[in-house]
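Trainee: I am new to this one. Please take me through a single part of it, slowly enough that I can follow along.

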Amino acid sequence: MACGSTSLWNGEATWFCCGNAWGPCASAGGGACGTCKSSKLHAAWPNASKACWDITRPDLCGEKLPRRGCGSVMKVRHQCSGASVCVTVSDCGPRTRSFCSESTCCDGTCRTNRVIDLTPAAFSAIGSLSSGMLPVVIFE
């Protein structure tokens, strides 16, 4: 999987489990794209489609995220450790509008607003699941 080096966005990353609804990480459910697997290096993007945008509404937090649909590849880099992971967009989310102005900081640099959800496999490649959120830079 080829990861890009062109800066796309900055913000917070959280983690989620693919599925049909909130619940435990299981093999059932494939997310909005039908391909999401919690054990794979997958991600959810708030502007994966018009329908997704209407749910997540990052614009209400001042974010004008570009549309990147199912199958798009992004590199997500932890702001402070420099660890990075290549992910494939396979779901819709996070619901950014529910977390406007939320901020995560490290080494004096803060990132605001949830802009990407990573599967447990992807999140743990760049940080500890117990941290819950990470400040990140996203490339394509």
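In what order do the strands close into a barrel, and what is the pairing? Please take a close look at that part and at what is tied to it.

Mentor: Keep in mind that this is a predicted model. Start with the barrel itself. Six strands close it, in the order 1-7-2-4-3-8. The pairing is mixed. On average, neighbouring strands of this sheet are turned by 45 degrees against each other, direction ignored.

Now go to strand 2, residues 42-45. In the barrel order, strand 2 stands between strand 7 and strand 4. Take the strand 4 side. Strand 4 covers residues 84-92. Strands 2 and 4 run parallel, and four bridges join them. One residue to find here is Trp45, whose bridge partner in strand 4 is Cys92. Keep Cys92 in mind, as it comes back below.

Turn to the strand 7 side. Strand 7 covers residues 114-118. Here the two strands run antiparallel, with two bridges between them. Across from Ala44, in strand 7, stands Asp117.

So much for the edges of strand 2. What about its faces? In a regular strand the side chains alternate between the two faces of the sheet. In strand 2, both faces are covered. His42 and Ala44 are on one side, Ala43 and Trp45 on the other. These four residues are all buried.

Further along the barrel order come strands 3 and 8. Strand 3 is residues 73-78, and strand 8 is residues 133-139. The two run antiparallel and are joined by four bridges. Find Lys75 in the model. Its bridge partner in strand 8 is Phe139. Lys75 also lies over the face of Phe139, at 5.3 Å from the ring centre. Bridge partner and ring contact thus involve one pair of residues.

A second charge sits over a ring elsewhere. Arg114 lies over the face of Phe99, at 3.5 Å from the ring centre. Residue 114 belongs to strand 7. As for pairs of aromatic rings, the structure holds zero.

Next, the disulfides. A disulfide is a covalent bond between the sulfur atoms of two cysteines. The count here comes to seven. Let me take three of them.

Begin with Cys3 and Cys86, whose sulfur atoms are 1.4 Å apart. This pair links distant parts of the chain, 83 residues apart. Cys3 is in the segment before strand 1 (7-15), and Cys86 is in strand 4. Cys3 has a relative accessible area of 28%, so it counts as partly exposed. Cys86 is partly exposed as well, because its relative accessibility is 22%.

Strand 4 holds a cysteine of the next pair too. Cys52 and Cys92 form a disulfide, S to S 2.0 Å. The link is right-handed, with 95 degrees about the S-S bond. Cys52 lies in helix 1 (residues 50-56) and Cys92 in strand 4, so the bond ties together parts that are 40 residues apart in sequence. Are its two ends buried or partly exposed? Cys52 is buried, because its relative accessible area is 2%. Cys92 is at 22%, so this end counts as partly exposed. Recall that Cys92 is also the bridge partner of Trp45. Cys92 therefore appears both in a disulfide to helix 1 and in a bridge to strand 2.

The third pair is Cys61 and Cys100, with sulfur atoms 1.8 Å apart. The torsion about their S-S bond is about -85 degrees, so this disulfide is left-handed. Cys61 sits in the loop between helix 1 and strand 3. Cys100 sits in the loop between strand 4 and strand 5 (103-106). They are 39 residues apart. Cys61 counts as buried because its relative accessibility is 16%, under the 20% cut-off. Cys100, with 32%, is partly exposed.

Finish in the loop between strand 4 and strand 5, where Thr96 has its place. Thr96 is buried, with a relative accessible area of 0%. Which residues does Thr96 contact, leaving aside its neighbours within four places in sequence? They are Pro46, Thr56, Pro58, Cys61, Asn113 and Arg114. Two names there are familiar. Cys61 is in the disulfide with Cys100, and Arg114 lies over the face of Phe99.

Terms used: Residues are numbered from 1 along each chain as its sequence is written. This is a predicted model: local features need pLDDT of at least 70, side-chain atom pairs count only at pLDDT 80 or more; totals for chains, interfaces and linings use all residues. Side-chain values use heavy atoms; hydrogens and water are left out. Two strands pair if DSSP finds at least two bridges between them. Axes are lines fitted to C-alpha atoms, for helices over the stretch in contact, and angles run from 0 to 180 degrees between N-to-C directions. Buried means under 20% relative accessible area, exposed over 50%, partly exposed in between (1.4 Å probe, protein chains only). Rings of Phe, Tyr and Trp (its six-membered ring) pair if their centres lie within 6.5 Å; planes under 30 degrees apart count as stacked, over 60 as edge-to-face and the rest as tilted. A charge sits over a ring if NZ of Lys or CZ of Arg is within 6 Å of the ring centre and within 35 degrees of the ring normal. A disulfide is a pair of cysteine sulfur atoms within 2.5 Å. Contact means heavy atoms within 4.5 Å.
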